[in-house]
Amino acid sequence: AREEGYANPKIDVRCAVFDDAGQVLLVREVADGRWSLPGGWADIGASPAENAMREVREESGYNVTITRLLAVWDMPKHEHPPSVFHIWKLVFLGKITAQGEISGGETDAVHFFPVGELPPLSPGRILPEQIRRLDELRRNGGMEFD
């Protein structure tokens with residue numbers, strides 16, 4: 001309501017990181033106590049991939065390299081809760097290069113989960129069917145836009 005001018009979508013960047021067993025890295029969000037892929041709003045001055053790498057480092061403690069873009073999703077086309085913003089979600093595939101410590105205050109736990117046994121997810125951030133789709137895209141080399 002305070003912004004003026006043409007309405008533009010906000011960009012949410014996420015990073016899907018899988019271990020050798022095919023389990024997905026999730027972080028527990030302090031805000032709602034639910035789990036999500038590491039990520040958040042894209043900051044000005046860094047590329048989307050750089051933002052995703054930073055988010056993984058801050059929220060999980062892992063350093064990653066980005067190997068490719070998996071999905072660009074228009075959030076209103078998915079079953080996320082309503083938002084005052086129109087959000088585009090960019091999800092990258094990341095590969096762990098080093099392990100460190102959580103440095104941000106937005107998450108309080110990190111764990112790898114089997115894709116078929118996900119904990120309660122933060123629906124404003126990621127949905128179970130989206131994680132399953134990211135796993136498929138990762139395995140078959142695909143990319144998805146909507």
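The following exchange introduces a predicted model through its core, its sheet and its charged pairs.

Biologist: On what basis are the values of this model reported?
Modeller: Residues are numbered from 1 along each chain as its sequence is written, and side-chain values use heavy atoms, with hydrogens and water left out. This is a predicted model, in which totals for chains, interfaces and linings use all residues, side-chain atom pairs count only at pLDDT 80 or more, and local features need pLDDT of at least 70.

Biologist: Which residues have the most contacts inside the largest nonpolar core?
Modeller: A nonpolar core is a set of buried Ala, Val, Leu, Ile, Met, Phe, Trp, Tyr and Cys residues joined through side-chain atoms within 4.5 Å; buried means under 20% relative accessible area, exposed over 50%, partly exposed in between (1.4 Å probe, protein chains only). The largest such core has 19 residues, and those with the most contacts inside it are Leu 26, Leu 37 and Leu 134.

Biologist: Which strands stand at the edges of the open sheet of three strands?
Modeller: Strands (E, at least two residues) and helices (H or I, at least four) are DSSP runs, numbered from the N terminus, and two strands pair if DSSP finds at least two bridges between them. The sheet has the order E3-E2-E7 with antiparallel pairing. A single partner strand is available to each edge strand, so one side of each is left without a neighbour in the sheet; these strands are E3 and E7.

Biologist: Is Ser 60 buried or exposed?
Modeller: Ser 60 is found in helix H1. Its side chain reaches the backbone oxygen of Val 56 at 2.7 Å and the backbone nitrogen of Tyr 62 at 3.1 Å. At 6% relative accessibility, Ser 60 counts as buried.

Biologist: How many residues apart are Arg 125 and Glu 29?
Modeller: Their side chains meet in a salt bridge at 3.5 Å, N to O, the term meaning a side-chain nitrogen of Lys or Arg within 4 Å of a carboxyl oxygen of Asp or Glu. Arg 125 lies in the loop between E7 and H2 and Glu 29 in strand E2, so the pair links distant parts of the chain, 96 residues apart.

Biologist: Which strand does helix H2 reach through the salt bridge of Arg 133?
Modeller: The side chains of Arg 133 and Glu 144 meet at 2.6 Å, N to O. Arg 133 lies in helix H2, so the salt bridge ties together parts that are eleven residues apart in sequence; Glu 144 lies in strand E8.

Technical notes: Polar contact = N/O pair within 3.5 Å; in protein donor to acceptor, adjacent residues only side chain to side chain.
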